[in-house]
Amino acid sequence: TLVSLEQVLKPEEFELLKAYYIEKRPTEEICRDTGVSPNLLRVRMHRLKKYLSAFFVLLVIFASTHNI
């Protein structure tokens, strides 16, 4: 079965990614709506990118070892 990002991430993490990458909202707007500072938003986005990179590497390894 396929795994969606909504199943893997916390709801607030998914909403940040959606607002930034899918909706292409300005960081100032995201900060205002979520109540986080620009610095905290930057840190959270950096951590999410690292997490997703590791997740996708593991997903590729799993798929290749299980002939998916």
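In this predicted model, the meeting of α2 and α4 is a good place to start. From α2 come E13, L16, L17, Y20 and Y21, and they meet L41, R44, M45, L48, K49 and L52 of α4. By class, this contact has eight nonpolar and three charged residues, with no polar ones. The two helices pack at an angle of about 100°, and their axes are 11 Å apart. Because angles of 65 to 115 degrees count as roughly perpendicular, α2 and α4 are described as roughly perpendicular to each other.

Next, a look at each of these two helices. α2 covers residues 11-22, and α4 covers residues 38-65. Their spans can be checked against a rise of 1.5 Å a residue: for the twelve residues of α2 the expected span is 16 Å, which agrees with the 15 Å between its end C-alpha atoms. For the 28 residues of α4, the expected span is 40 Å, and its end C-alpha atoms are 41 Å apart, again in agreement.

The buried residues of α2 are F14, L16, L17 and A19. What covers them includes α1 (5-8), α3 and α4. On α4, the buried residues are L41, M45, L48, L52 and F55, and their cover includes α1, α2 and α3.

How do these residues come together? The largest nonpolar core has twelve residues in all: L9, F14, L16, L17, A19, I30, C31, V36, L41, M45, L48 and L52. Two or more of its residues come from each of α2, α3 and α4. This fits a broader tendency: in soluble globular proteins, nonpolar side chains tend to be buried together.

M45 is a handy residue to follow from here. It lies in helix α4, and it counts as buried because its relative accessible area is 6%. Beyond the residues up to four places away in sequence, M45 touches L16, L17, Y20 and Y21. M45 and L17 are 28 residues apart along the chain, yet their C-alpha atoms are separated by 7.6 Å.

C31 is another member of the core. Leaving aside its neighbours within four places in sequence, C31 is in contact with V36, S37, P38 and L41.

V43 also lies in helix α4, but it is partly exposed, with a relative accessible area of 23%. V43 and I30 are 13 residues apart in sequence, and their C-alpha atoms are 14 Å apart in space.

Here are three residues side by side, with their accessibility.

| Residue | Relative accessibility | Class |
|---|---|---|
| M45 | 6% | buried |
| V43 | 23% | partly exposed |
| K24 | 65% | exposed |

That brings us to K24, which sits in the loop between α2 and α3 (27-34). At 65% relative accessibility, K24 counts as exposed. What is notable about its backbone? K24 has a phi near 55°, a positive value in a residue other than glycine. Most residues other than glycine have a negative phi. The position of K24 is just after α2. The end of α4 offers a parallel case: just after that helix, N67 takes a positive phi of about 50°.

Technical notes
Residues numbered from 1 in each chain as written. Predicted model: local features only at pLDDT ≥ 70, side-chain atom pairs only at ≥ 80, totals over all residues. Heavy atoms only, no water. Helix = DSSP H or I, 4+ residues; strand = E, 2+ residues; numbered from the N terminus. Buried < 20%, exposed > 50% of the residue type's maximum accessible area, 1.4 Å probe, protein only. Axes fitted to C-alpha atoms, helices over the stretch in contact; angles between N-to-C directions. Parallel < 35°, antiparallel > 145°, perpendicular 65-115°, else oblique. Contact = heavy atoms within 4.5 Å. Nonpolar A, V, L, I, M, F, W, Y, C, P; charged D, E, K, R; others polar. Core = buried A, V, L, I, M, F, W, Y, C linked by side-chain atoms within 4.5 Å. Expected span 1.5 Å × (residues − 1).
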